[in-house]
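Colleague: I am new to this structure and would like to look closely at one part of it before I read the rest. Could you take me through that part slowly and then place it in its surroundings?

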Number of protein chains: 4
Amino acid sequence: MDRLKIAVVGLGRMGKRHVHTLLYRVPLAQVLAVCSTDSHEIDWARNNKEYKEFGITVYSNYEDMLAHSELQAVWISTSTDVHASQSLKAIEKGIHVLCEKPLSTDLAEAQSVVDAAKRNPSVKVMAGFSRRFDSSYRDASDKIFRKKAIGDPFMVRSNTCDLRDETGFFVRYASRNGGIFVDCAIHDIDLSLWYLDNPIVKACWAAGTLQHHPELKELHDVDNAVGIVEFWGGKIAYFYCSRTQAHGHDVCTEITGSEGKVMVNVVPRQNNVVLADKLGMRHEVQPEYWQRFEDAFALEANEFTEAVLKGKEVPLPLETGITVMKIGQSLQHALLTGEVVRFNEKGQRVN
Amino acid sequence: MDRLKIAVVGLGRMGKRHVHTLLYRVPLAQVLAVCSTDSHEIDWARNNKEYKEFGITVYSNYEDMLAHSELQAVWISTSTDVHASQSLKAIEKGIHVLCEKPLSTDLAEAQSVVDAAKRNPSVKVMAGFSRRFDSSYRDASDKIFRKKAIGDPFMVRSNTCDLRDETGFFVRYASRNGGIFVDCAIHDIDLSLWYLDNPIVKACWAAGTLQHHPELKELHDVDNAVGIVEFWGGKIAYFYCSRTQAHGHDVCTEITGSEGKVMVNVVPRQNNVVLADKLGMRHEVQPEYWQRFEDAFALEANEFTEAVLKGKEVPLPLETGITVMKIGQSLQHALLTGEVVRFNEKGQRVN
Amino acid sequence: MDRLKIAVVGLGRMGKRHVHTLLYRVPLAQVLAVCSTDSHEIDWARNNKEYKEFGITVYSNYEDMLAHSELQAVWISTSTDVHASQSLKAIEKGIHVLCEKPLSTDLAEAQSVVDAAKRNPSVKVMAGFSRRFDSSYRDASDKIFRKKAIGDPFMVRSNTCDLRDETGFFVRYASRNGGIFVDCAIHDIDLSLWYLDNPIVKACWAAGTLQHHPELKELHDVDNAVGIVEFWGGKIAYFYCSRTQAHGHDVCTEITGSEGKVMVNVVPRQNNVVLADKLGMRHEVQPEYWQRFEDAFALEANEFTEAVLKGKEVPLPLETGITVMKIGQSLQHALLTGEVVRFNEKGQRVN
Amino acid sequence: MDRLKIAVVGLGRMGKRHVHTLLYRVPLAQVLAVCSTDSHEIDWARNNKEYKEFGITVYSNYEDMLAHSELQAVWISTSTDVHASQSLKAIEKGIHVLCEKPLSTDLAEAQSVVDAAKRNPSVKVMAGFSRRFDSSYRDASDKIFRKKAIGDPFMVRSNTCDLRDETGFFVRYASRNGGIFVDCAIHDIDLSLWYLDNPIVKACWAAGTLQHHPELKELHDVDNAVGIVEFWGGKIAYFYCSRTQAHGHDVCTEITGSEGKVMVNVVPRQNNVVLADKLGMRHEVQPEYWQRFEDAFALEANEFTEAVLKGKEVPLPLETGITVMKIGQSLQHALLTGEVVRFNEKGQRVN
């Protein structure tokens with residue numbers, strides 16, 4: 001049986017996890033190589049016994065890796081600023097791409113990847129909106145669209161609230177992430193488009209506050225923000241993003257329709273355990289999106305692998321990412337200026 | 001022992017409930033009289049056996065009732081448009097007033113009641129922000145301010161989502177209520193001021209949609225709306241109000257601080273019963289705010305009664321209502337115009 | 001309007017609460033008197049300002065109190081050993097009785113009260129099985145019997161688990177309570193009879209352990225016990241009683257039927273508040289049955305008052321208590337001997 | 001890298017799932033072969049495209065399969081009556097065994113497997129108590145033993161309640177399963193031994209009822225049963241097993257200790273979705289133990305694989321299964337006879 005020969009680019013926290021997912025949960029994939037430009041990551045990978053056992057080659061140069069004659073696909077898990085250029089290089093070589101969201105914080109650059117993918121229809125290119133592969137979000141979709149359980153959906157509330165990072169990792173990473181609405185809310189915006197059936201944005205506004213990471217001030221960012229997106233046709237989404245939660249990674253979504261409401265993860269839980277003691281009854285919350293979405297990442301990798309091996313469409317059109325990014329940047333603009341950002345009925349920004 | 005001689009004005013759904021509360025749960029109050037100008041309500045009250053047993057006189061004229069020589073206090077539960085005038089008449093006669101919120105949808109008129117109360121310091125005047133008397137909201141306050149359980153609070157999310165009214169009652173009532181943010185969100189705004197420690201409003205914006213009550217269009221109102229209120233000092237509140245929920249009266253509040261979050265009624269429950277059957281596990285939700293806040297109304301009436309009998313301050317300053325109304329009307333303005341409403345550092349509206 | 005002239009006998013924790021309930025939540029009752037033989041309680045009551053304001057006379061002798069010419073009813077809230085004698089004296093004088101459960105730990109004595117009540121049909125006598133008046137348990141009954149929501153009920157699990165008492169109050173009180181299954185499980189047994197539609201007991205067995213109150217050993221009691229009661233006709237109930245919970249008063253009941261399950265209070269909650277912080281998400285649990293059943297006690301008092309004033313049947317037949325006690329004592333016997341206690345098809349004990 | 005060459009014996013529902021688990025979630029395992037004596041299963045496997053792609057050989061004879069020169073391990077997933085003989089044959093050939101629980105419903109036969117394993121210490125033999133590999137049960141263990149979160153554990157409540165099987169599958173299978181306490185409660189008994197730190201059984205009793213599967217009567221079995229197991233040293237476990245739940249696979253465990261309680265899955269949930277509609281708020285429940293324990297099976301397979309490849313101890317001693325079976329059979333005996341089964345302080349049955 002032929003397995004998909006794939007490489008993972010970037011060996012930060014997520015890159016390592018993606019290697020693990022491919023090794024342990026994607027039987028039709030074979031990890032040929034990994035690649036990093038960070039010397040610590042390279043050392044770590046070269047000394048990794050498991051990587052050796054699985055026959056994974058470690059590259060320090062992306063182009064060298066792309067030149068590997070057997071390589072069929074790459075999973076790009078680097079920092080956002082090189083997503084687009086690495087995707088473009090792979091596409092040019094006919095190598096399939098699963099790229100972490102977003103393709104770029106620059107809309108024109110992101111569009112260039114979409115364009116390149118269109119010019120190379122035999123190359124599968126997918127942006128990794130992992131929540132689309134989560135069983136609860138899929139069940140929500142099934143209830144809404146197939147079972148019509150809530151009538152016509154018209155309102156989405158969605159939160160991405162991270163555990164406060166005391167390690168400094170987040171702040172080092174923040175300068176490249178495009179701001180809180182681009183980095184955090186991108187999944188929430190994507191979910192809104194999904195559950196509201198691809199509505200056209202009409203206006204948005206946002207407000208934010210800086211509570212814990214004063215370093216963000218010079219990056220013109222905040223660590224807590226709320227925003228409202230109004231769509232043409234009487235649909236609305238609103239978001240809360242936070243970097244400073246005390247209790248864990250708290251990501252929830254509610255979709256309200258004419259006949260009901262679907263709630264996803266409104267009470268986040270680490271597992272099925274509750275402890276009753278002098279403080280009452282308590283459960284723990286996942287510390288990171290990894291614990292919440294580990295299964296979704298595995299399904300994403302399996303579905304991408306299958307799409308490539310069987311020549312099927314990737315499960316998520318690449319263009320969705322562009323619309324999501326446009327809304328995220330407009331919210332970020334509203335946040336910084338205090339002004340409402342408006343769009344015409346084609347969804348084109350008018351101010 | 002002397003009990004407070006009180007009358008209830010207005011015998012709609014809530015007026016009748018207030019009479020019941022006073023009879024059954026406020027031992028230091030004695031209901032002398034009720035008053036209504038609605039002939040059906042008057043007939044109903046005159047034929048009410050319980051009212052007879054308790055010796056309650058039924059009036060069809062408010063002034064006549066105020067002339068009752070023993071009357072010490074009135075609970076005003078009429079439609080909003082007469083709250084202020086009825087309050088003023090009672091205050092002038094030295095009669096204590098517990099008035100349903102809001103005092104008026106006209107800020108100047110509301111202020112005239114506040115002014116009259118100031119001129120008559122021996123008369124106790126209180127606006128009925130019933131959630132302030134709910135044991136869960138008080139526990140939240142206790143956790144936040146006394147136990148410092150969440151560090152510094154900076155963000156409030158609060159919802160007032162009503163069960164869809166299929167009886168037509170709501171639409172008949174809607175034209176007098178001042179719009180969704182004035183009618184629904186007034187409690188949520190009040191809670192925000194409470195938990196964020198009386199912040200000064202800086203800006204607000206809102207968006208709404210009309211899903212079920214097309215009659216509201218000519219009233220320039222919507223039946224679902226979300227709004228954000230930004231306060232000076234990096235504090236934020238955001239609200240969702242709805243008239244169209246399928247599952248019940250869903251009212252929740254979350255207060256986020258630097259060290260934690262307090263959640264009030266995020267999963268609403270009718271009682272302690274869960275039914276497990278082919279559909280899974282389910283619990284019912286209170287149909288109305290009455291079921292949710294019945295105990296709070298009883299405590300409110302007891303605390304008001306005690307304040308009058310013992311000459312203590314009423315538990316809630318009357319001025320709070322003015323600030324709440326100002327913010328509610330600004331959200332309603334933002335909703336209708338699409339514009340951001342802004343305020344200076346004194347909280348004075350600047351556009 | 002004529003109110004029921006009632007007295008409360010016993011001014012321990014519950015007696016005081018019953019006075020409060022009558023004053024504040026039972027408008028058709030008037031508390032004429034209280035009675036205690038404990039000098040501290042008598043002093044406390046004689047100095048109680050509220051009692052004075054409400055015109056409550058304090059007696060130190062039960063017979064003297066019964067001689068009060070206006071007295072119509074007594075609420076007996078003394079220790080179990082005098083329940084029966086006090087009930088009998090009241091019945092003989094034609095005074096209505098609401099007696100805390102159980103009537104007696106001696107079945108013959110309890111039966112004597114039932115017999116006296118039968119001989120005096122104009123006197124209302126009710127044992128206070130307060131859970132029968134709880135809105136959740138009533139909703140469970142409504143779902144089971146009226147809505148047929150679970151088909152035919154055949155299995156009941158019911159727990160009465162108390163917060164560990166560190167004050168020593170419990171141990172002082174334990175010697176009079178008849179053992180853990182008589183004192184704790186009596187409500188659970190009663191609920192089983194209710195939801196299983198008065199089944200006939202066939203056999204029971206129990207096991208227990210002593211974890212925290214070594215003093216109980218000489219009383220031949222334990223502080224944690226589980227028991228199974230098998231009924232004729234394929235119905236079963238099982239119980240867990242505990243004196244040593246760390247987290248609060250944890251009382252739950254599950255009724256399983258052929259088509260579903262009704263769960264009452266399986267996750268106990270103090271109120272609607274959840275705190276999210278470094279420990280996860282937690283809610284508090286009621287410390288005592290009072291907080292859990294305060295509303296039930298009020299409804300019980302109102303229904304008893306109404307039954308007397310209107311000459312209606314009391315809502316709960318007195319005989320139920322005898323059956324409950326018989327099962328409780330059999331479980332206690334099984335606990336102490338390790339033997340199965342068996343009954344014939346008439347429910348008569350055969351070993 | 002060398003992967004463990006393994007075969008799966010039995011291709012019923014679970015056998016197929018085990019093949020899937022090995023293929024997709026155990027990268028260090030390679031499925032060489034499957035084996036079944038059922039002609040439908042053999043046909044199904046021979047026509048299975050995925051099995052072909054992965055190079056899996058299909059055997060209709062167990063001995064032939066064992067003769068495969070490369071085979072290192074078998075996962076026995078046949079009906080219970082051949083577990084022991086198949087395990088013995090593999091052990092004799094030096095082939096490692098992961099055998100579904102129980103080894104046998106005959107204690108002597110089960111012991112013969114334990115003895116064979118002892119005689120062949122280089123062969124790894126493990127019984128599949130899958131709950132030991134579930135992340136929530138492990139977290140419970142961690143809280144209890146490492147964090148001492150509940151003080152000294154002394155009481156376990158554990159349920160195994162299956163969704164009612166309308167397909168007839170269960171009844172066909174029932175005659176081989178040893179009775180409800182042997183088949184259903186075996187995991188609950190195992191959990192009790194784990195969390196109570198291997199206590200010695202002292203006595204047990206049980207009661208049951210037949211609600212939905214009258215065919216079980218001639219098998220001397222029931223479809224709902226409760227049982228209590230008392231251990232020496234004041235520890236107790238009690239169980240509820242059911243074949244007839246309407247709402248799903250409801251498996252929960254509570255461990256009570258001197259300072260608190262750990263609850264595992266007391267409110268079972270299919271996923272993170274809640275639907276709010278006219279019926280209230282509801283969530284679905286897993287239909288089968290597979291959905292509840294899929295991840296546990298994967299971890300079990302990985303840990304077994306690693307134990308074999310690295311020559312480590314299997315994570316669960318084989319003897320545990322014997323003790324569990326002894327208690328399960330005693331409960332079943334108590335259920336059928338109505339008698340208490342008693343044991344001496346060495347855990348030897350005395351009646």
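In which loop of chain A does A:Asn198 lie?

Modeller: A:Asn198 lies in the loop of chain A between helix 10 (186–195) and strand 8 (201–209), where helices (H or I, at least four residues) and strands (E, at least two) are DSSP runs numbered from the N terminus. This is a predicted model, in which local features need pLDDT of at least 70 and side-chain atom pairs count only at pLDDT 80 or more, while totals for chains, interfaces and linings use all residues. Residues are numbered from 1 along each chain as its sequence is written, chains are lettered from A and ligands numbered from 1 in the order in which they are written, and side-chain values use heavy atoms, with hydrogens and water left out.

A:Asn198 has a positive phi of about 55 degrees although it is not a glycine. Most residues other than glycine have a negative phi, and most peptide bonds are trans. With a relative accessibility of 52%, A:Asn198 counts as exposed; the terms used here are buried for under 20% relative accessible area, exposed for over 50% and partly exposed in between, with a 1.4 Å probe and protein chains only.

A second asparagine with a positive phi can be set beside A:Asn198. C:Asn265, also not a glycine, has a phi of about 65 degrees, and this residue is found in the loop of chain C between strand 12 (260–264) and strand 13 (273–277). C:Asn265 is buried, its relative accessible area being 2%, whereas A:Asn198 counts as exposed.

The helix before the loop can be followed through C:Ser192, which is placed in helix 10 (residues 186–195) of chain C. C:Ser192 is buried, with a relative accessible area of 0%. Leaving aside neighbours within four places in sequence, C:Ser192 is in contact (heavy atoms within 4.5 Å) with C:Val156, C:Asp197, C:Pro199, C:Ala237 and C:Phe239. C:Ser192 and C:Glu254, although 62 residues apart in sequence, have 9.7 Å between their C-alpha atoms.

In chain A, a view towards this region comes from A:Val156, a residue of strand 7 (residues 153–163). A:Val156 counts as buried at 0% relative accessibility, and, not counting residues up to four places away in sequence, touches several residues, among them A:Ser192, A:Tyr195, A:Leu196, A:Tyr238 and A:Glu254. The C-alpha atoms of A:Val156 and A:Leu191 are separated by 8.4 Å, with their positions 35 residues apart along the chain.

A:Tyr195, one of the residues that A:Val156 touches, also belongs to an aromatic cluster with A:Tyr137, A:Trp194 and A:Phe293. Rings of Phe, Tyr and Trp (its six-membered ring) pair if their centres lie within 6.5 Å, and planes under 30 degrees apart count as stacked, over 60 as edge-to-face and the rest as tilted. By this rule there are 34 aromatic pairs over all chains. One of them is the tilted pair of C:Tyr238 and D:Tyr240, with 6.1 Å centre to centre and 55 degrees between the planes. C:Tyr238 lies in strand 10 (residues 235–245) of chain C and D:Tyr240 in strand 10 (residues 235–245) of chain D, so the pair joins two chains, and both C:Tyr238 and D:Tyr240 are buried. In chain D, the ring centres of D:Trp194 and D:Tyr195 are 4.7 Å apart with their planes at 15 degrees, so this pair is stacked. D:Trp194 counts as buried at 15% relative accessibility, and D:Tyr195 is buried with a relative accessible area of 0%.

Another backbone feature belongs to a different stretch of the chain. The peptide bond from A:Lys101 to A:Pro102 is cis, with omega near -15 degrees, and A:Pro102 is found in the loop of chain A between strand 5 (96–100) and helix 6 (107–119). In chain B, the peptide bond from B:Lys101 to B:Pro102 is likewise cis, with omega near -15 degrees.

To return to the chain that holds A:Asn198, the secondary structure of chain A comes to 12 helices and 15 strands, and 64% of its 351 residues count as buried. Along its principal axes, the C-alpha trace of chain A spans about 55 × 55 × 50 Å. Of the contacts in chain A with a separation of 6 or more, 72% are between residues 24 or more positions apart.
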